[in-house]
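Please open the model in your viewer and keep the selection panel at hand. The stops below can be followed in order, and each begins with something to select.

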Amino acid sequence: MDRSFRLQIAARLADLEAASRRRSLTVTAPDGGGVRRVTRNGQPLINFSSNDYLGLAHHPALAAAAARAAADHGTGATASRLVSGTLPLHDALESRLAALKGSGAALVMAGGFATNASVLAALLDADIAGKAPLVFMDRLAHASMHDGVIGAGVRQIRYHHNDLAHLETLLSRHADAPGPRLIVTESVFSMDGDRADLPGLCALAEKYGAELYVDEAHATGVLGPQGAGLCADPAVKGRVGMVMGTFGKALGGYGAFVACDALLRDWLVTKARGFIYATALPPPVLGAVLAALDLIPQMEAARQRLTAHADTVRGVLHGLGIDTLTSDTQIIPAVIGAEADTLAAARFMEQRGLLTVAIRPPTVPPGSGRLRLALSAAHTPEDIAALTDAFTAFARAGA
Ligand code: PMP
């Protein structure tokens with residue numbers, strides 16, 4: 001054991017603690033089988049910090065499909081996809097996703113983080129992208145996409161969040177540079193809950209001959225026609241070269257996919273390290289995700305309920321003078337500001353029986369600590385009223 005190494009780590013953790021930036025885990029136990037009710041540290045709470053936007057993670061049809069898949073195919077895939085881990089369920093799921101996205105092909109793999117990191121690294125591989133690919137990335141794009149670009153050893157050019165005029169300035173500044181161009185964004189931003197201007201991004205990608213990569217982690221199942229994501233909107237369908245989505249949020253499972261054409265899929269199968277060197281997604285997860293895809297197109301009432309919840313919460317927060325940035329989805333940042341204040345706000349909510357986890361730098365920019373409210377169609381009007389009442393009490397206490 002290297003004692004001085006451990007002492008250094010302990011000192012660094014103490015520094016982070018002093019800056020309210022140390023992270024720690026808390027067991028959150030489902031309480032009653034739904035997304036809404038959990039127990040933490042013995043306290044029952046209504047959960048406003050889960051990405052189970054449609055309440056599918058506890059849906060009996062998904063649980064039954066997972067159990068069936070385990071019984072029929074085993075609990076684990078037992079090998080990586082390229083060895084012997086490509087099961088009929090992977091094939092079925094990829095065909096479903098390709099049809100849903102109209103992309104021609106799809107590839108599923110473990111976790112959205114691993115997918116973004118390894119797909120982007122493979123696309124920027126020097127074998128095809130040469131030495132100087134240009135990556136234009138929204139400043140607020142998820143850490144996994146940054147890691148993919150860093151993994152390829154490529155410098156990224158960041159544009160101001162959702163600022164297409166800035167993006168165009170940067171694209172035109174580099175118009176004569178050799179090498180492929182990639183524009184990278186989320187369709188719904190995970191921490192701000194706002195949307196990218198996809199038609200505008202498609203137009204810029206077309207004008208400057210760039211490939212467009214869109215992360216639909218928070219839109220899949222929730223937004224777009226029949227919950228198929230914002231890239232399925234008629235204005236942009238077929239114009240986005242690569243669409244990525246996760247199964248761990250509205251689909252109530254785990255894992256991720258990328259929908260693209262067959263040529264790009266072939267490249268990823270050959271080059272994406274997070275795909276090649278990882279055990280394939282396990283059958284129960286695949287069974288549950290397939291069951292979720294059966295349900296999602298028919299869940300229009302749930303999607304409308306979710307939109308109504310979000311409108312109600314935003315309306316109350318605005319009335320209280322609480323900034324929600326440009327959120328217009330089920331993700332609502334209640335911006336508090338300083339890190340210690342954000343933690344205090346989360347404690348205030350918790351004392352009132354609400355779980356609204358504090359999100360702090362470096363996950364969000366300095367000074368923009370927030371309670372990230374993630375609403376679900378499974379929340380009841382009473383849950384939403386409990387949330388808005390607690391914010392009203394919070395605003396009064398601060399006044
Ligand atoms: N992309 C975005 C935008 C996300 O918010 C997340 C999850 N935090 C991921 C990718 C990673 O997905 P997963 O949780 O499936 O690893």
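Begin by selecting Ile-9, which has its place in helix 1 (residues 3-18), where helices (H or I, at least four residues) and strands (E, at least two) are DSSP runs numbered from the N terminus. The model is a predicted one, in which local features need pLDDT of at least 70 and side-chain atom pairs count only at pLDDT 80 or more, while totals for chains, interfaces and linings use all residues. Residues are numbered from 1 along each chain as its sequence is written, and side-chain values use heavy atoms, with hydrogens and water left out.

**The surface of helix 1**

Ile-9 counts as partly exposed because its relative accessibility is 39%; here buried means under 20% relative accessible area, exposed over 50%, and partly exposed in between (1.4 Å probe, protein chains only). Add Phe-5 and Leu-13 to the selection, and you have the nonpolar surface patch that these two residues form with Ile-9, with about 250 Å² of accessible area together. Such patches are made of residues with over 30% relative accessible area and no salt bridge, like charges being joined within 9 Å and nonpolar side chains (Val, Leu, Ile, Met, Phe, Trp, Tyr) within 5 Å. A salt bridge, in turn, is a side-chain nitrogen of Lys or Arg within 4 Å of a carboxyl oxygen of Asp or Glu. The areas come from the Shrake-Rupley method with a 1.4 Å probe, and for residues only the protein chains shown count as cover.

**Around the ligand**

Select the ligand next, and display the 13 residues around it, of which Gly-112, Phe-113, Asp-215, His-218 and Lys-249 come nearest; a residue is near a molecule or strand if one of its heavy atoms lies within 4 Å of it. Helix 5 (residues 112-123) gives the most to this shell, with 3 residues.

Which polar atoms should be picked out here? A polar side-chain atom of His-218 lies 2.6 Å from an oxygen atom of the ligand, a polar backbone atom of Phe-113 is 2.8 Å from an oxygen atom of the ligand, and a polar side-chain atom of His-142 lies 3.2 Å from a nitrogen atom of the ligand. Taken alone the ligand exposes 390 Å², and the protein buries 80% of that.

**Cysteines**

Now show the sulfur atoms of Cys-231 and Cys-260. Why does Cys-231 form no bond with Cys-202? The closest cysteine sulfur to that of Cys-231 is the one in Cys-202, and at 7.2 Å it is too far for a bond. For Cys-260 the closest cysteine sulfur is in Cys-231, 13 Å away, which is likewise too far for a bond. A disulfide is a pair of cysteine sulfur atoms within 2.5 Å, and by this rule the count comes to 0 disulfides. Cys-231 counts as buried at 8% relative accessibility, and Cys-260 counts as buried at 1%.

**Backbone geometry**

Most residues other than glycine have a negative phi, and most peptide bonds are trans. With that in mind, select Asn-41, in the loop between strand 2 (37-40) and strand 3, where phi is near 50°, a positive value in a residue other than glycine. Asn-41 counts as exposed, at 67% relative accessibility. Thr-78, in the loop between helix 2 (60-73) and helix 3 (81-85), also is not a glycine and has a positive phi of about 70°; its relative accessible area of 72% makes it exposed.

Then move to Pro-362, in the loop between strand 13 (358-359) and strand 14, and inspect the peptide bond from Pro-361 to Pro-362, which is cis, with omega near 10°.

**Two buried polar side chains**

Select Asn-47 in strand 3 (residues 43-47), which counts as buried at 7% relative accessibility. A polar atom of the Asn-47 side chain lies 2.8 Å from the backbone nitrogen of Ser-49.

Finish at Ser-327, in the loop between helix 13 (300-319) and strand 11 (331-337), a residue that is buried, with a relative accessible area of 8%. Its side chain makes a polar contact with the side chain of Arg-314 at 2.9 Å, a polar contact being a pair of N or O atoms within 3.5 Å; within protein, one must be able to donate a hydrogen and the other to accept it, and residues adjacent in sequence count only if both atoms are side-chain atoms.
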